[in-house]
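Q: Please take one strand of this structure and go through it closely. What does it pair with, and what surrounds it?

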Amino acid sequence: MKHAPDILLTVPILERMRAVEGWLDDDEADLLIAGTARALADLPAVGNVVEIGSYFGRSTCVLGSVVKTVSPEARLYAIDPHEGILTGPDGPLMRVDPTLDAFRQTIAEAGLGGTVVPIVRRSRDVRWDRPIAFLYIDGLHDTAGIRDDFTHFEPWLARGAYVAFHDYGRQLPSVKAFVDELVSLKVLAWVALAGSLALLRHERALDGDRGADRPDSGDELADPVALLRIAELSAFAGGR
């Protein structure tokens, strides 16, 4: 099932993404493309996309390319201390060489220097004062880290903003537990899930229907309501 809004848009983005080290898969990138495009279209006056956890810039290429294509006046703020500390595939922290130089090279080669604004700090140390249309969280996946990433920026989520979490449902139970908690508290409402990329909509400040909880069984991609939401995202992004 493709979530991509337009093959002419997604093919070069995916090709560029595959050349960068990281763990974002094609189907996850498709959903990230559609969700980011929808957020920018729904909230054109906001124009701020925030990424927490950039590593070498694999997801930054995806997000930045959408921003540059859909809303050239918008900016992607890529937050990462680039200290070489990351969550390993099975949960424990790993240490690699600092990644800032490689990240900057990725952004330069992708032609995103005017779109991506690197912020070389830990998320909780960032002083923020502007509304956010789309928030992507893929930093350290320990319980305290992921909670800090969201709660530090949640007050700035615009009405109806979209939020995406990577590594939902993999070997990292902290991500799934935190997202499920936010859904149960009606802070976020499910939109779609692709691989381990969870796309949700911020609902805390909205009136009326706050959305349904995630189905207890089955793949969201096989659920008719989820398919309808994905189709809506794709069609809207394609129209842009």
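**Strand β9 and its sheet**

A: A198 in β9 is the bridge partner of F165; the model is a predicted one. The strand that β9 meets here is β7 (residues 157-165), and the two are antiparallel, with four bridges between them.

β9 also pairs with β8 (residues 188-194), again antiparallel, through six bridges. L199 of β9 is the bridge partner of A192. β8 and β9 make a hairpin with two residues between the strands, and G195 has a positive phi near 60° there.

Burial of β9 can be judged against a cut-off of under 20% relative accessible area. Five of the six residues of β9 (residues 197-202) are buried, so the rest of the structure largely encloses this strand.

The wider setting is an open sheet of seven strands with mixed pairing, ordered β5-β2-β1-β6-β7-β9-β8. Its edges are β5 and β8, each of which pairs on one side only. On average, neighbouring strands of the sheet are turned by 20° against each other, direction ignored.

Further along the sheet, β1 (residues 48-52) pairs with β6 in the parallel sense, over four bridges. In that part of the sheet, I52 stands opposite I137 in β6.

Helix α2 (residues 26-42) lies across several of these strands, namely β1, β6, β7, β8 and β9, and runs at about 160° to β6.

Key: Residues numbered from 1 in each chain as written. Predicted model: local features only at pLDDT ≥ 70, side-chain atom pairs only at ≥ 80, totals over all residues. Heavy atoms only, no water. Buried < 20%, exposed > 50% of the residue type's maximum accessible area, 1.4 Å probe, protein only. Pairing = 2+ DSSP bridges. Axes fitted to C-alpha atoms, helices over the stretch in contact; angles between N-to-C directions. Contact = heavy atoms within 4.5 Å.
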